[in-house]
Amino acid sequence: MGGALVLESAALLHWLEREGYGPLGMTGISMGGHMASLAVTNWPKPLPLIPCLSWSTASAVFTTGVLSKAVNWRELEKQYFTQTVYEEEIIQMLEYCGTDSFKMGQDFVKNFPHSVDSLEHVDVTSRMFDLDYSNKTVSKEDVHSFTTNRSTLSASSERLLIQDAPKMQCINQTFSTSSNSNKNLTSEQGHRINKRRSDTLQRESLRFMKGVMDECTHVANFSVPVDPSLIIVVQAKEDAYIPRTGVRSLQEIWPGCEIRYLDGGHVSAYLFKQGLFRQAIYDAFDRFLQKYAV
């Protein structure tokens, strides 16, 4: 979703410039603010950015924020345990690949008209990023394996029970407090052992989820916008949806940006503080005009 929005934003900004509109800027609220941030990191010119009620990564939203209660962690733990591809292969990929997304955006914008006209005839990914698959070590079989396992991720628990009965039996033993392997132990000792196993699996699956989301959504994995002084971030002091504890701050990642804190939480800020959002938008555009107006 983030990749598609970055591409669409580049196309829209390029078209608006070509039509003579300006100055241009981007804003959004909550997830929209985070998507706007990703889009601006890929634009090769100074651009006002006003992300409201968002932060540097989406991982904390679904692992420590209130929305983490909406995730079916039990099912994810079972899938992580039964499908070794997550632990053995995918988790090894959760590192910053070093590719400069800003240069990718520059190349796309520079060749925008030609690249769009050619999309229906040329593979979109290889056209945009000039990938040379002949130099990659990933085989078609690996891709098929990854796709198959990704599909399995969305499978129902009933399907997992049918396909992975032996492993599911092992899981049931892991979560059980009366495993046969503990028959010589007291029930209290067996319970403590199984509790430790369950806690370990929970931590591993949570760490895996955080790694996947940081890989795809952390703004530190993208280029710094051309002029961070044009960025005004609006945050709610009591925002339980977007935790800021334990994650890198936007001021650290984008030196020179401004953070404005307002009283209230995520929902109350959206309902009652939009006047402050609009003021931040005005101020960001005023800064742009003062610095770049011809």
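A salt bridge here is a side-chain nitrogen of Lys or Arg within 4 Å of a carboxyl oxygen of Asp or Glu. The model is predicted, so local features need pLDDT of at least 70 and side-chain atom pairs count only at pLDDT 80 or more, while totals for chains, interfaces and linings use all residues. Residues are numbered from 1 along each chain as its sequence is written, and side-chain values use heavy atoms, with hydrogens and water left out.

**Exercise 1. Find what the salt bridge between D227 and K291 ties together.**

Solution. Start with the contact: the side chains of D227 and K291 form a salt bridge at 2.8 Å, N to O. Next, place the partners: D227 sits in the loop between α12 and β3 (232-236), and K291 in helix α15 (residues 274-292), so the pair ties together parts that are 64 residues apart in sequence. Helices (H or I, at least four residues) and strands (E, at least two) are DSSP runs, numbered from the N terminus. Last, check the exposure, where buried means under 20% relative accessible area, exposed over 50%, and partly exposed in between (1.4 Å probe, protein chains only). D227 is buried at 8%, and K291 is partly exposed at 48%.

**Exercise 2. Work out how D214 and K210 are placed in helix α12.**

Solution. Begin with the distance: the closest N and O atoms of this salt bridge are 2.7 Å apart. Then count along the chain: D214 and K210 are four residues apart in helix α12 (residues 187-217), which means that about one helical turn separates them. For exposure, D214 is buried with 14% relative accessibility, and K210 is partly exposed with 34%.

**Exercise 3. Trace the network that contains D283 and R260.**

Solution. First, the side chains of D283 and R260 meet in a salt bridge of 2.9 Å, N to O. This pair links distant parts of the chain, with D283 in helix α15 and R260 in strand β4 (residues 258-262), 23 residues apart. Now follow the shared partners: salt bridges join E258, R260, D283 and R287 into one network. For scale, a search of the whole structure finds eight salt bridges.

**Exercise 4. Classify the packing of α1 and α2.**

Solution. Take the geometry: helix α1 (residues 2-18) and helix α2 (residues 31-40) pack at an angle of about 60 degrees, with axes 9 Å apart. Axes are lines fitted to C-alpha atoms, for helices over the stretch in contact, and angles run from 0 to 180 degrees between N-to-C directions. Then apply the classes: under 35 degrees is roughly parallel, over 145 roughly antiparallel, 65 to 115 roughly perpendicular, and the rest oblique. The two helices α1 and α2 are therefore oblique to each other.

**Exercise 5. Pick out the unusual backbone at P23, S30 and L53.**

Solution. Recall the background: most residues other than glycine have a negative phi, and most peptide bonds are trans. The bond from G22 to P23 is cis, with omega near -5 degrees, and P23 belongs to the loop between α1 and β1 (26-29). S30 is not a glycine, yet its phi is positive, about 60 degrees; S30 lies in the loop between β1 and α2. L53, also not a glycine, has a positive phi of about 60 degrees. L53 is in the loop between β2 (49-52) and α3 (59-63), and L53 is buried at 0% relative accessibility.
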